[in-house]
There are 2 protein chains.
Amino acid sequence: MRDPRLHCPLTLAVKAISGKWKLYILSMLSDGTPKRYGELLKSTCENLTEKMLTSQLRELEKDGIIARKVYPEVPPRVEYMLTESGRKLCMIFEPLYEWGVDYMKTHRRDQLPWLEMGMKQLS
Amino acid sequence: MRDPRLHCPLTLAVKAISGKWKLYILSMLSDGTPKRYGELLKSTCENLTEKMLTSQLRELEKDGIIARKVYPEVPPRVEYMLTESGRKLCMIFEPLYEWGVDYMKTHRRDQLPWLEMGMKQLS
DNA sequence: ATAAGTAGGTACTTTTCTGTTCCTTACTTA
DNA sequence: TAAGTAAGGAACAGAAAAGTACCTACTTAT
């Protein structure tokens, strides 16, 4: 309520991408082509549940990072895509990703970067 | 355990700075001069408790973002400073901060950026 | 003798975040 | 007639993060 960090742009940026599935979602959308709900749900090998996908999408939408487009069809069709803010945010993933690669090299904990496919299309 | 995101450099980077007081700590240390425990504890207007400061410092240290230097004196003196990885990570705060400023302007929710003092010294 | 400063630790509770399971609507196809 | 599909919603359970309150050791100052 009286937390000044709510007014901090840096905190805002970090909070916008903090959420277990947000980086996954953003990496999926970062190639520019809109994605459907079911598409996002199925294209991960992990157990992303419907509830979690929905809640993460809602938060990203509320924060103005992604946009939701509903086609008045049956069966329903909904597409998600990055907003202008979202695109700008994804740009910063590149240096963060590079930091992570460097970090993993120097701390050599394990290999095999993931999310690489989506992220590579940022450059 | 079998979560591939543990191998994702981007996820690693975001997790490293996710923690309620980590950005505050890093912003304090980002000017390059080591800071003492009590100094970190007292220089925020908010209620950062001893327990939280300790746990956040421990995590940052475990992750190799900050280093801890104990002086064998009485009364005890402990200094915290950024590691090489930490300094590199803090560089990326600049574009993130800029994104936040831009975001706040376009979404005009409120003003008054915070943490500005520490962050400005990054550039 | 007592209190204060320094850098914490421990136990417990509360809050927030994630995950599980089942339900809905409206149309289409077998 | 029944099942399938797309995109969810709601209720509840469990895990993780954060907060509260109190405790430690050591030494110097009062």
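The following paragraphs describe the fold of chain A, the surroundings of DNA strands C and D, and the salt bridges in this predicted model.

Residues are numbered from 1 along each chain as its sequence is written, and chains are lettered from A and ligands numbered from 1 in the order in which they are written. Because the model is predicted, local features need pLDDT of at least 70 and side-chain atom pairs count only at pLDDT 80 or more, while totals for chains, interfaces and linings use all residues; side-chain values use heavy atoms, with hydrogens and water left out.

A good place to begin is chain A. Chain A contains seven helices and three strands, where helices (H or I, at least four residues) and strands (E, at least two) are DSSP runs numbered from the N terminus. Along the sequence, the elements of chain A run α-α-β-α-α-β-β-α-α-α. Of the 123 residues of chain A, 47% are buried (buried means under 20% relative accessible area, exposed over 50%, and partly exposed in between, with a 1.4 Å probe and protein chains only). Contacts are heavy atoms within 4.5 Å; among those in chain A between residues at least 6 apart in sequence, 50% join residues at least 24 apart. The accessible surface of chain A is about 6,600 Å², and 57% of it belongs to carbon and sulfur atoms; accessible areas come from the Shrake-Rupley method with a 1.4 Å probe, and for residues only the protein chains shown count as cover.

Attention now turns to DNA strand D. This strand is surrounded by 21 residues, the closest being Arg58(A), Arg68(A), Tyr80(A), Lys20(B) and Lys51(B); a residue is near a strand or molecule if one of its heavy atoms lies within 4 Å of it. Of the atoms of DNA strand D that come within 4 Å of the protein, 67% are accounted for by sugar and phosphate. At least two residues of the surface near DNA strand D are supplied by each of helix H3 (37-42), helix H4 (50-62) and strand E3 (77-82) of chain A, and by helix H4 (50-62) of chain B. H4(A) gives the largest share, four residues. By class, the surface near DNA strand D has eight nonpolar, five polar and eight charged residues (Ala, Val, Leu, Ile, Met, Phe, Trp, Tyr, Cys and Pro count as nonpolar, Asp, Glu, Lys and Arg as charged, and the others, Gly among them, as polar).

Several polar contacts can be listed here, a polar contact being a pair of N or O atoms within 3.5 Å; within protein, one must be able to donate a hydrogen and the other to accept it, and residues adjacent in sequence count only if both atoms are side-chain atoms. A polar side-chain atom of Arg68(A) lies 2.3 Å from a phosphate oxygen of DNA strand D. Backbone atoms take part too: an N or O atom of the Gly38(A) backbone is 3.0 Å from a phosphate oxygen of this strand, and a polar backbone atom of Val78(A) is 3.2 Å from a phosphate oxygen. Within the protein, Thr44(A) sits in the loop between H3 and H4 of chain A, and a polar atom of the Thr44(A) side chain lies 3.1 Å from the backbone nitrogen of Glu46(A). Thr44(A) is buried, with a relative accessible area of 9%.

DNA strand C is likewise surrounded by 21 residues, and the closest are Lys20(A), Lys51(A), Arg36(B), Arg68(B) and Tyr80(B). Sugar or phosphate holds 68% of the atoms of DNA strand C within 4 Å of the protein, and bases hold the rest. The largest share of the surface near DNA strand C, four residues, comes from H4(B). A polar side-chain atom of Lys51(A) lies 2.5 Å from a base oxygen of DNA strand C, whereas a side-chain N or O atom of Trp21(A) is 3.1 Å from a phosphate oxygen. A backbone N or O atom of Gly38(B) is 3.2 Å from a phosphate oxygen of DNA strand C.

Salt bridges complete the description. With a salt bridge taken as a side-chain nitrogen of Lys or Arg within 4 Å of a carboxyl oxygen of Asp or Glu, the count comes to 14 over all chains. Lys22(A) pairs with Glu59(A), with the closest N and O atoms 2.8 Å apart. This pair links distant parts of the chain, from helix H2 (residues 22-29) to helix H4 of chain A, 37 residues apart. Lys22(A) is buried at 1% relative accessible area, while Glu59(A) is partly exposed at 32%. Asp102(B) forms a salt bridge with Lys88(A) at 3.0 Å between the closest N and O atoms, and this pair crosses between chains, from helix H6 (residues 93-107) of chain B to helix H5 (residues 84-91) of chain A. Glu73(A), Arg77(A) and Glu79(A) are linked in a network of salt bridges.
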